[in-house]
Amino acid sequence: MVQETTIAILGAGAWGAALANLAAANGHRVRLWSRQGTEMLQAVVQDAQIVLSAISMKGVRTVASQVQSCPLSPETIFVTATKGLEPQTTATPTQIWQAAFPNHPVVVLSGPNLSAEIQKSLPAATVVASNIYTAAQKVQLLFSSPRFRVYTNPDPLGVELGGTLKNVMAIAAGVCDGLQLGTNAKAALVTRGLTEMVRIGNFLGAKTETFYGLSGLGDLLATCNSPLSRNYQVGYQMACGKTLTNILANLPGTAEGVNTCQVLMQLAQQQNIYMPITEQVYRLLQSEVTPQQALDELMLRNIKPEYH
Ligand SMILES: NC(=O)C1=CN([C@@H]2O[C@H](COP(=O)(O)OP(=O)(O)OC[C@H]3O[C@@H](n4cnc5c(N)ncnc54)[C@H](O)[C@@H]3O)[C@@H](O)[C@H]2O)C=CC1
Ligand SMILES: O=C(CO)COP(=O)(O)O
């Protein structure tokens, strides 16, 4: 039996609400905070053993600095469930939380976790990772249940980047399905997408094998194959002729891949990293190419060996 724990969840969107339900179902005291709500941030994080952030990327730095001015227990463990990169710095959410709280452990939680399925109590698995193994173990115990299987992993950066980078590939997969390109095309896209994720992930310091686990390949399969994924919806609806502005205005929640793609393109250009799928998704989002032209650009590149 796991000890009852007080968990403050920051961000009451689709993912924050689903994680709150998982923790509450395990008997923990859950306090949910949202910038639109009436609860004071200070009261929500006070004495919490766990502070979990499920804030969209664009709000992470602001909320982290607001939490800095709140009194916290020295034992508090931070958990981050955001999947994005900060535009100005290319920092991951973990890097932002760790810089704000250098003396606290930070744990990443990431995996194939479409919140709508989790809210229906369908079975799912996820990964928790931290440089401090005991902190990851603690979070594993808090969330594990017969319907949510939680694994630990020693590569927090790889786990975090898997969930972040696959969002760009999910946009591409939505385009692939929207254009009705077939199963062979989808298999090629997802497989080459994974190669691209490993390439940029290795450059940023993540381990290759992490991308073949739940937080990489697992999340790639979930979001590239489900209309529940907002990122997939962006690509699918663009392939059906809608504009990005129109799609985002009607999307239920955040599609982080749109911003992540811009950050990755900046990085690819600065560091000379070859990211052909990301480049075409970027050009599509910028209205520089149509979905069909993006496909042609990818198919008509110079032929080359697979492992390059
Ligand atoms: N929905 C899902 O299935 C999953 C989502 N995620 C990730 O979790 C994060 C949140 O996703 P969702 O809950 O789906 O999005 P959402 O759009 O439903 O909710 C976002 C939350 O962030 C808050 N927020 C946004 N900007 C803010 C700001 N500037 N300051 C303070 N709070 C701000 C919103 O008020 C809201 O509570 C994203 O990074 C997403 O990639 C991860 C796994 C699953
Ligand atoms: O990350 C997710 C599932 O693991 C959610 O995907 P979307 O953000 O594309 O909806």
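Okay, let's start with one residue: Ser 215 is buried, with a relative accessible area of just 2%. Before I go on, keep in mind that this is a predicted model. So where does Ser 215 sit? You'll find Ser 215 in helix H9, which runs over residues 214-224. What does Ser 215 touch, if we skip the neighbours within four places in sequence? The contacts are Ser 110, Gly 111, Val 127, Gly 158, Val 159, Gly 162, Gly 163 and Thr 210. Take Gly 162 from that list: Ser 215 and Gly 162 are 53 residues apart in sequence, yet their C-alpha atoms are 5.3 Å apart in space.

Stay in H9 for a moment, as Asp 219 is found there too. Is Asp 219 buried or exposed? Asp 219 has a relative accessibility of 1%, and under 20% is what we call buried, so Asp 219 counts as buried. Leaving out neighbours within four places in sequence, Asp 219 is in contact with Lys 83, Gly 111, Pro 112, Asn 113, Gly 163, Lys 166 and Leu 214.

Now, some of those names come back in the annotation. UniProt, in an unreviewed entry, lists a "binding site" at Lys 83, Gly 111, Lys 166, Asp 219, Ser 229, Arg 230 and Asn 231. And where are they in the model? The lining of the largest pocket includes Lys 83, Gly 111, Lys 166, Asp 219, Ser 229, Arg 230 and Asn 231.

Let me pick out Asn 231 from that set. Asn 231 is in helix H10, residues 230-239, and with a relative accessible area of 5% Asn 231 is buried. Again leaving aside neighbours within four places in sequence, Asn 231 meets Asn 167, Ala 170 and Ile 171, and also Ala 255, Glu 256, Gly 257 and Val 258.

There's another "binding site" feature from UniProt, also an unreviewed entry, and this one covers Gly 11, Ala 12, Gly 13, Ala 14, Trp 15, Gly 16 and Arg 230. From this set, the largest pocket's lining takes in Gly 11, Ala 12, Gly 13, Ala 14, Trp 15, Gly 16 and Arg 230.

Let's walk along that stretch. Gly 11 lies in the loop between S1 and H1, and Gly 11 is buried at a relative accessible area of 9%. Not counting residues up to four places away in sequence, Gly 11 touches Gly 16, Leu 32, Trp 33, Ala 54 and Ile 55. Another distance for you: the C-alpha atoms of Gly 11 and Val 60 are separated by 9.8 Å, with their positions 49 residues apart along the chain.

Next comes Ala 12, in the loop between strand S1 (6-10) and helix H1 (14-25). Ala 12 counts as partly exposed, at 42% relative accessibility. Its contacts, leaving aside neighbours within four places in sequence, are Leu 32, Trp 33 and Ser 34. Then there's Gly 13, found in the loop between S1 and H1, and Gly 13 is partly exposed with a relative accessible area of 39%.

What about domains? UniProt, in an unreviewed entry, gives "Glycerol-3-phosphate dehydrogenase NAD-dependent N-terminal" for residues 7-37 and 40-132. Residues 7-37 are 39% helix and 29% strand, with the end C-alpha atoms 17 Å apart. Residues 40-132 are 32% helix and 20% strand, and there the end C-alpha atoms lie 30 Å apart.

A few loop residues are worth pointing at. His 104 is in the loop between helix H4 (93-100) and strand S5 (106-110), and His 104 is buried at 12% relative accessible area. Then, which phi does Asp 47 have? Asp 47 has a positive phi of about 65 degrees, although Asp 47 is not a glycine. The loop between helix H2 (41-45) and strand S3 (50-53) is where Asp 47 sits, and at 55% relative accessibility Asp 47 counts as exposed. Thr 90 also isn't a glycine and has a positive phi of about 60 degrees. Thr 90 is partly exposed, with a relative accessible area of 25%.

Last stop, a helix pair. The axes of H8 (residues 183-204) and H13 (residues 276-285) come within 8 Å and cross at roughly 105 degrees, and 65 to 115 degrees counts as roughly perpendicular, so H8 and H13 are roughly perpendicular to each other. On the H8 side we have Leu 189, Arg 192, Gly 193, Glu 196 and Arg 199, meeting Pro 276, Ile 277 and Thr 278 in H13. By class, that contact has three nonpolar, two polar and three charged residues.

How values were computed: Residues are numbered from 1 along each chain as its sequence is written. Chains are lettered from A and ligands numbered from 1 in the order in which they are written. This is a predicted model: local features need pLDDT of at least 70, side-chain atom pairs count only at pLDDT 80 or more; totals for chains, interfaces and linings use all residues. Side-chain values use heavy atoms; hydrogens and water are left out. Axes are lines fitted to C-alpha atoms, for helices over the stretch in contact, and angles run from 0 to 180 degrees between N-to-C directions. Helices (H or I, at least four residues) and strands (E, at least two) are DSSP runs, numbered from the N terminus. Angles under 35 degrees count as roughly parallel, over 145 as roughly antiparallel, 65 to 115 as roughly perpendicular and the rest as oblique. Contact means heavy atoms within 4.5 Å. Ala, Val, Leu, Ile, Met, Phe, Trp, Tyr, Cys and Pro count as nonpolar, Asp, Glu, Lys and Arg as charged, and the others, Gly among them, as polar. UniProt positions are given in the numbering used here, feature names are shortened, and annotations may be inferred rather than shown by experiment. On a 1 Å grid over the protein atoms alone, a cavity is a set of points where a 1.4 Å probe fits but cannot get out, and a pocket is an open set with protein on both sides within 12 Å along at least five of seven lines; lining residues have an atom within 4 Å of a point. Buried means under 20% relative accessible area, exposed over 50%, partly exposed in between (1.4 Å probe, protein chains only).
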